[in-house]
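The following exercises are to be worked with the sequence and the model in view. Each task is followed by a solution in steps.

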Amino acid sequence: MKKNDLIPLTITGITSEGSGVGRHDGMVIFVANSAVGDELTVRIIKTSKTYCIGKIETIDTPSPQRIDSDCPVFTQCGGCVFRHISYESELALKQQRVADAFQRVGGFSTLPLQPIVGAKKTDRYRNKAQLPIGRNRDGQPILGFYANRTHRIVSCNDCALQPVEFQGAIQAFQQWLLSSGETIYDETTHQGKLRHLYLREGSKTGERMVCIVANGTSLRKESQLIQLLREQVPGLQSVVLNTNRDKTNVILGKEYRTLWGSDTITDELCGLRFQIAPASFYQVNRDQAERLYEIAADDSALTGEEILLDLYCGTGTIGLTMAHKAKQLIGVEIIPEAIENAKENARQNHIQNSEFFCGDAGKAARTLQKRGLRPHVVILDPPRKGCSPDVLETVCQMAPDRIVYVSCDPATLARDVKLLCEKGYALQKITPVDLFPRTSHVETVCLLSRAKMNTTVR
């Protein structure tokens, strides 16, 4: 096959990133925005020795899973890879993705797989937006999202996944931008000032934060910007300027200056109140996070007598929501600011049986082991790359009764669970949870127990 060839193609599967998969003359073809069962005419846009990438030219026979997309930039943005299929079909794909990972990566033949926990709300659930600022081909300022795998900005003032109230912040910012004459950062020359508009919301409290990320420590006409935001953003509590002078793709820099209001906003999760700073980790889907944490708490089976060790604790949210059921909570996190947030969150919620350490999970676990700590339950909630082998080894040496592993990547989860099972643990329960409807991501909670306990699946 050559570039620009037109071929007939039936979509028979979906990748972990949400692209459709089909075969033509023995060659694997990947096609974005397609659905299982689609019969398509596809234009080849990229070729290699082992696969090709195609683009839909025409949908000759649509899949039964297909629905009409309600987003004008759906095919350009790349954020919502499942906006063109029914939510029931999306959940089935995510459930199968978790099962496939455990079978192919983990090597498990039988799985204690629970039905995926779908979201009651599939739109307007995100409490955070990171909008790059740039210029279009005509040189006009635009805000939006990067197109998939590029730094080309797709203009979008109203993402269907974000709160309606964010529109007011975007409109106020654009109004100020046009009147202030403030410059826009150029990634190529590293000149100009405005880089990102960063928005956060307390979904339960209705408190909102506007953070402007800039290549500088001040803005033109700051008072005008503040006034416009206060007029157009309901629940506004904080306006912050973040300084990022680095030549990097990392959005936030290390310097902050509060232009108006408080340094943080507050939200409620599982009956607790959490302070959210611009850099604080906080689940973007609060309602589904509550359901995720409830499943993790249920799997932990705490009675009030246990020591609970929360590795990769972040700002302490998951552990603190379980602290009232434990004798003692110990949290470990490598980011100093997150540990300070965790300590403050414990104080704010009058939780006195918690202790937080700053350090690498592996080193901290070994330190706690040397202190003679033997946790009854260990919570693992690592980044997408999963746990390092030394962390898993140290956790197993501590011999907790139960391990509750929360993961955003089924493949690394399956890999790590396989290793834990090889070291004497039994996989008891797998529960997928959809925290990110219409996107390719899926969270999973796994319960493992020491094999000799013979714990049954609930």
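**Exercise 1: Cysteines**

Cysteine 313 is buried, at a relative accessible area of 4% (buried means under 20%, exposed over 50%, partly exposed in between, with a 1.4 Å probe and protein chains only). The model is predicted: local features need pLDDT of at least 70, side-chain atom pairs count only at pLDDT 80 or more, and totals for chains, interfaces and linings use all residues. Residues are numbered from 1 along each chain as its sequence is written, and side-chain values use heavy atoms, without hydrogens and water.

Task: determine how many disulfides a search of the whole structure finds.

Step 1. A disulfide is a pair of cysteine sulfur atoms within 2.5 Å.

Step 2. For cysteine 77, which is buried at 17% relative accessibility, the closest cysteine sulfur is in cysteine 159, 6.6 Å away, and therefore too far for a bond.

Step 3. Cysteine 313 is in no disulfide either; the nearest cysteine sulfur, in cysteine 358, is 9.1 Å away.

Result: the search of the whole structure finds zero disulfides.

**Exercise 2: Tyrosine 405**

Task: establish whether tyrosine 405 is buried or exposed, and identify the side chain with which its own side chain makes a polar contact.

Step 1. Tyrosine 405 has a relative accessible area of 0% and is buried.

Step 2. Its contacts (heavy atoms within 4.5 Å), leaving aside neighbours within four places in sequence, include Leu380, Asp416 and Thr444.

Step 3. The C-alpha atoms of tyrosine 405 and threonine 444 are 8.0 Å apart, although 39 residues separate the two along the chain.

Step 4. The polar contact, at 2.6 Å, is with the side chain of aspartate 416 (a pair of N or O atoms within 3.5 Å; within protein, one must be able to donate a hydrogen and the other to accept it, and residues adjacent in sequence count only if both atoms are side-chain atoms).
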